[in-house]
Amino acid sequence: MPSAYDRQHNGAVTPALADIRSNLHVVALPLRTRFRGIEVREALLFEGPAGWAEFSPFTEYGDDEAATWLAAAIDFAWNPQPDAVRTRIPVNATVPAVAASDVAEVLSHFDGCRTAKVKVAEAGQTLADDVARVAAVREAMGPAGRIRIDANGGWNVDEAEHALRALAEYDLEYAEQPCASVAELAELRWRVHRSGIDIAADESVRKAADPLLVAREQAADLLVVKAAPLGGVRRALRIVADAGLPAVVSSALDTSVGLGMGLALAAALPELDYDCGLGTASLLAADVTAAPLRAADGAIEVRRAEPDADLLRSHAADPARRSWWEDRLERCYALVSEFGLTPRP
């Protein structure tokens, strides 16, 4: 159920469901490498007066959580976004939990990126696998490259402390969500603060009823923020401002349409001290636009993607999956309307 933070938008106007359905497409895009347990990324796209938007919460998410993603998409398609203060966003490469021997091939798809986020703590793998992967990234990027790791909450405090000490020699920029809970993050941050490895919070912000708890508990040095799961650009900007911590803008394996929202958020932040995780279109083997939002010389131009009709057709999901997404849209739309999740422009 939406939190009190969301319900402050009661009374905001949302478009009719028929307006959203009037130009709706569901696509299924193959990935270059298995990532986050999937090999195909599905997304529902629609166009509003302000442009195209994407509704693509992962399939295992419940409707209450997914409704916030829909609110963000509606806002992006129907309302003007906050003013940008920059036109290009520096981005990081993203390295899935691949074998060390595959790291160089993965990095080759991220043109000019001098920062890499490396997935660790993958189910079925060991710390030795993580160390080998991070070592391969360091070798490929050289001493000037920046490396951050993302455990998606996969370690307890003792495991995280042990892992960070094992990985410290590779000069980590920060560790993203090494533990699942805010209390664990706070304990770990206290234990490793002398090592120089910062702690970043992701799930503890975007999946939390209170996204500011992690800041109040001093459990992180920085926030990783994603526009769609936080309810859109405006709400994400407020969370960052209220938290008072540096922010990294990231994506949720979006198509280029969805990445446009992340770029709008990164462009509007008053300060942007870190490369952003918005280069993930390079993990897709296909996209919905002839001009995908991919890194060029380590950065992406701030713009919205315009889907290509032929690509929408060629990557259309099968009828059963389209029906599944349309049903999900209808259920989540009812929640958006009930709780007024979409902010006024």
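Begin by selecting K207 and Y61 in this predicted model: the charged end of K207 sits over the ring of Y61, 4.0 Å from the ring centre. Y61 itself is buried, with a relative accessible area of 8%.

**Aromatic pairs**

Across the model, the count comes to 7 aromatic pairs. One of them joins F46 and W78 in a tilted arrangement, with 6.3 Å from centre to centre and 50° between the planes. Colouring the chain by secondary structure helps here, because F46 belongs to strand 2 (residues 38–48) and W78 to helix 3 (residues 63–78), so that the pair ties together parts that are 32 residues apart in sequence. The two partners can also be viewed by accessibility: F46, at 0% relative accessibility, counts as buried, while W78, at 22%, counts as partly exposed.

Keep Y61 on screen and add W69, since these two form an edge-to-face aromatic pair, 5.9 Å centre to centre and with 65° between the planes. W69 counts as buried, at 2% relative accessibility.

Next select F55, W324 and W325, which ring pairs link into a cluster. Adding R321 to that selection shows a charged residue over one of these rings, for R321 lies over the face of W324, at 4.5 Å from the ring centre.

**The largest pocket and the annotated residues**

Now display the largest pocket, which holds about 550 Å³ of space. Which residues should be selected to find its centre? Of the 31 residues that line the pocket, F35, R36, K119, D150 and N152 are the closest to the centre. Strand 1 (24–35), strand 6 (115–119) and helix 8 (203–206) each supply at least two residues of this lining, and by class the lining divides into 12 nonpolar, 8 polar and 11 charged residues.

With the pocket still shown, select D150, E176 and D202, where an unreviewed UniProt entry places the feature "binding site". These residues span 53 residues in sequence, yet no two of their C-alpha atoms are more than 9.3 Å apart, so they gather at one spot. Of these residues, D150 and D202 are included in the lining of the largest pocket. D150 lies in strand 7 (residues 146–150) and is buried, with a relative accessible area of 1%.

**Helix 10**

Move on to helix 10 (residues 233–243), in which 8 of the 11 residues are buried, so that the helix is largely enclosed by the rest of the structure. The buried positions to highlight are V233, R234, R235, A236, L237, I239, V240 and A243. Directly after the helix, select G244, whose phi is positive, near 70°.

**Cavities**

Finally, turn to the enclosed spaces, of which there are 3 cavities of 30 Å³ or more. The largest cavity has about 100 Å³ of space, and of the 14 residues that line this cavity, A228, P229, D254, G258 and M261 are the closest to its centre. Which helix gives the most to the lining of the largest cavity? Helix 11 (residues 256–268) does, with 3 residues. The lining of the largest cavity has 6 nonpolar, 5 polar and 3 charged residues.

As a last stop, show the second largest cavity, with a volume of about 70 Å³, and select the residues that line this cavity, namely R32, T33, P96, E105, V106, H109, F110, S282 and L283. Strand 1 and helix 4 (103–107) each supply at least two residues of the lining of the second largest cavity, which by class has 4 nonpolar, 3 polar and 2 charged residues.

Notes. Residues are numbered from 1 along each chain as its sequence is written. This is a predicted model: local features need pLDDT of at least 70, side-chain atom pairs count only at pLDDT 80 or more; totals for chains, interfaces and linings use all residues. Side-chain values use heavy atoms; hydrogens and water are left out. Rings of Phe, Tyr and Trp (its six-membered ring) pair if their centres lie within 6.5 Å; planes under 30 degrees apart count as stacked, over 60 as edge-to-face and the rest as tilted. Helices (H or I, at least four residues) and strands (E, at least two) are DSSP runs, numbered from the N terminus. Buried means under 20% relative accessible area, exposed over 50%, partly exposed in between (1.4 Å probe, protein chains only). A charge sits over a ring if NZ of Lys or CZ of Arg is within 6 Å of the ring centre and within 35 degrees of the ring normal. On a 1 Å grid over the protein atoms alone, a cavity is a set of points where a 1.4 Å probe fits but cannot get out, and a pocket is an open set with protein on both sides within 12 Å along at least five of seven lines; lining residues have an atom within 4 Å of a point. Grid points are joined across faces, edges and corners, and a volume is the space filled by probe spheres set on the points. Ala, Val, Leu, Ile, Met, Phe, Trp, Tyr, Cys and Pro count as nonpolar, Asp, Glu, Lys and Arg as charged, and the others, Gly among them, as polar. UniProt positions are given in the numbering used here, feature names are shortened, and annotations may be inferred rather than shown by experiment.
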